[in-house]
Amino acid sequence: MKWEVKVGPEGVEKALDDELKRIVGVGHFEYQRAGARTSNMPMKMFNALVDLVDRSGVVEKLHEWDALERKSNVGRKPKMTARAVLVIELMTVFWNKGVQYQEIANTIVYRLTRMQYAALGMKPEPVGERGWYHRHWAAKSRILHLVDPHYTTRKNKRLPLADAVDALNAKDPEREQRLQWVIQALVAASVSSLPQRYRDAYSGDVALDSTRIRIQGRVHSRAFTLARQGFALDHPKVLAASRTLLEGGINTNADFTAGTYTRRDGTKGTEPAHELDFVTMMDVDGYDQHPAFARLITGVSLHVPGEITDGPRLAMQAHSRLFDQRGNCAADRAFNNSQPENFQLPLRQDYWEMVFDYRKNQFGPQGEIPGTELIVVDGAIYVNRMPWKLIWGIRYFKEGRPDPKTGELFTWADVEEIIRDRQAYQMKRHGSMVSEKRDGAQRYTYPDPQTYNAFDPLTGKAIRPHKNQLRGSIRIHPDPSFVKHLQRYPWGSKEWAKAYAQRNQVESTNADIKRSRFVDIEDPQKRSGRGSAFHGLASAVMVMVHNLRALVRALLAEHSTQKAEPRRATLPTDRTPMWMLSGAELDAVGPPDEDYADN
């Protein structure tokens, strides 16, 4: 869908201001000035932020949960409501001050106007920064108590190893669900500001990525890491690692809900952190089809680094609740390595198609379609009549192993030939999963036996076309036995390369949300609390601000007199993409192949 920018007689600037007022309450100049001044936010912009919080439905849910917890209505009325907490934190993050208790106190004392105090049900009492610091802390603690899966244990001191493990095991599943709901409801409220024309033009493609949410303090001890992985405290590995604890067997970090993140950016080392999975809208066709694109974060989930059992699925399901379109989901190998029941299967049943790379030992045969003579090889479904080279050649290329017949190493030219020759054996899609509406089932047509040379999978002997019984069509339902590595396009094909290259859009979003000039979600100094609940809520508020800025940038681009050039995914010309390198080349020029544990 292509649209033209509607410009009235007042010109482009007036049209832009009208659009911005519907989203952030003020025009372009006032919006820019509000960010630069970091105080005295215009009342109309303040009201737009209040409306965002109200639209999320979070305040009502918190009141509902509080009523379930409260034994009576006796007690002093709080000085700050949950609504006030969320709005003031949103304002503070907009001014790039983070969710930091002292900066939030500064916002209350120095940046709020009297009208804004009144709108939030607060009185501008002369209690100073310290007084408002404690009032906000108390109000925030009431919120966290309702959504903290580990609410029974305080996080203000380092615990002995055994106590930390007990605290982890005391997780409240109901509060864990509450936390995920609140985080996503806040993000969804910011996505709801997306203009309808942007929704209509959206193809449905997304990228899935993660970023570390570093916390303050020392990295967790190796003993604690092993214990949270399920090793008994008297296991030899845990006992041997106990030397990494502090004196008296005390854990090294007070936030027992966090884990240890191993950096993969070319530097060595570990950090104490949580990890945030996030889904970003992808623009596959570029600006040639529509004048602007708002690359919003639409689904998020917080988890411990390396423990990605549920987070990616929850983030994708959160996105699915906001949009009807279903397209491709581009992700890196960390997500591809999930157990299919936790990730690939439920996504396929929700009509998502995957686009991802593989570890070198995942190439080759990747599963069989139950009850058929069909196999999955490098992401696509083929009749099981291919010669050995077409099945195993790319695996040998990736592992740096020679062709057993010639003794020579496979080259990229060989890989391109294999990908091309496989096409004759590939099952042809008929219709789409969405049109089928059968929980991810897809109808395929068998290739014509006259168009390919068939080989017996057991003996390798040729099968004459008239004896090849693989004909007609079949509906294939997703199954854990093969869906793990199944994707939209055959790995390495031109279509796959184009779709996979779009991941640079989510990497751009990842970099943008970590910029020190703006939200800087990665900086632990901008998140001064502890626990998964605190960091989850803080991350959600930061994503809300990121999305508002992304919307503003899209509107600026749409109304710019200097139109952007069409942006299409192309392979870099100055270097060879990592996925095109052989095993020998990877060993020589790059880091070792990622080796994530199954989750």
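**Strands, helices and one loop residue**

Reader: What makes strand 10 and strand 11 (residues 442-445) a pair?

Author: Three bridges join strand 10 to strand 11. Two strands pair if there are at least two bridges between them. Three bridges satisfy that cut-off, so the two strands count as paired. They run antiparallel. Within this pair, His430 stands opposite Arg443 in strand 11. This is a predicted model.

Reader: Which sheet holds strand 10, and in what order do its strands come?

Author: It is an open sheet of three strands, in the order 10-11-14. The pairing is antiparallel.

Reader: Why are strand 10 (428-430) and strand 14 (473-476) placed at the edges?

Author: Each has a single partner strand, so one side of each is left without a neighbour in the sheet. On average, neighbouring strands of this sheet are turned by 40° against each other, direction ignored.

Reader: What is the order of strands 7, 8 and 9?

Author: The order is 7-8-9, in an open sheet with antiparallel pairing. Strand 7 (365-368) and strand 9 (380-383) stand at the edges. Each has a single partner strand, so one side of each lacks a neighbour in the sheet. From one strand to the next, the twist averages 35°.

Reader: How do you know that strand 7 pairs with strand 8 (residues 374-377)?

Author: Three bridges join them. The cut-off is at least two bridges, so strands 7 and 8 count as a pair. They run antiparallel, and Pro365 stands opposite Val377 in strand 8.

Reader: Why is strand 1 (residues 206-214) called mostly covered?

Author: Eight of its nine residues are buried. Buried means under 20% relative accessible area. Across the protein chain, 54% of the 599 residues count as buried.

Reader: Which strands are joined to strand 1 by bridges?

Author: Strand 3 (residues 270-281) is joined to strand 1 by nine bridges, and the two run antiparallel. Arg214 has Ala273 as its bridge partner in strand 3. Strand 5 (residues 328-331) is joined to strand 1 by three bridges, and these two run parallel. There, Val206 stands opposite Cys329 in strand 5. Both bridge counts meet the cut-off of at least two, so strand 1 pairs with strand 3 and with strand 5.

Reader: Why is helix 5 called oblique to helix 22?

Author: Look at the angle. The axes of helix 5 (residues 82-94) and helix 22 (residues 532-558) cross at roughly 55°. Under 35 degrees would count as roughly parallel, and 65 to 115 as roughly perpendicular. The crossing angle falls in neither range, nor is it over 145, so helix 5 is oblique to helix 22. The axes come within 9 Å.

Reader: Which residues make the contact between helix 5 and helix 22?

Author: Helix 5 contributes Glu89, Leu90, Val93 and Phe94. Helix 22 contributes Val541, Met542, Met544, Val545 and Arg549. The crossing is right-handed.

Reader: Where is Gln362, and is it buried or exposed?

Author: Gln362 lies in the loop between strand 6 (353-356) and strand 7. Its relative accessibility is 9%. That is under 20%, so Gln362 counts as buried. Leaving aside neighbours within four places in sequence, Gln362 is in contact with Asn336, Asn337 and His485.

Reader: How many helices and strands does the protein chain have?

Author: There are 23 helices and 14 strands. The chain exposes about 27800 Å², with carbon and sulfur atoms supplying 48% of it.

Terms used:
Residues are numbered from 1 along each chain as its sequence is written. This is a predicted model: local features need pLDDT of at least 70, side-chain atom pairs count only at pLDDT 80 or more; totals for chains, interfaces and linings use all residues. Side-chain values use heavy atoms; hydrogens and water are left out. Helices (H or I, at least four residues) and strands (E, at least two) are DSSP runs, numbered from the N terminus. Buried means under 20% relative accessible area, exposed over 50%, partly exposed in between (1.4 Å probe, protein chains only). Accessible areas come from the Shrake-Rupley method with a 1.4 Å probe; for residues, only the protein chains shown count as cover. Axes are lines fitted to C-alpha atoms, for helices over the stretch in contact, and angles run from 0 to 180 degrees between N-to-C directions. A crossing is left-handed if the near helix is turned anticlockwise from the far one by less than a right angle, and right-handed if clockwise. Contact means heavy atoms within 4.5 Å.
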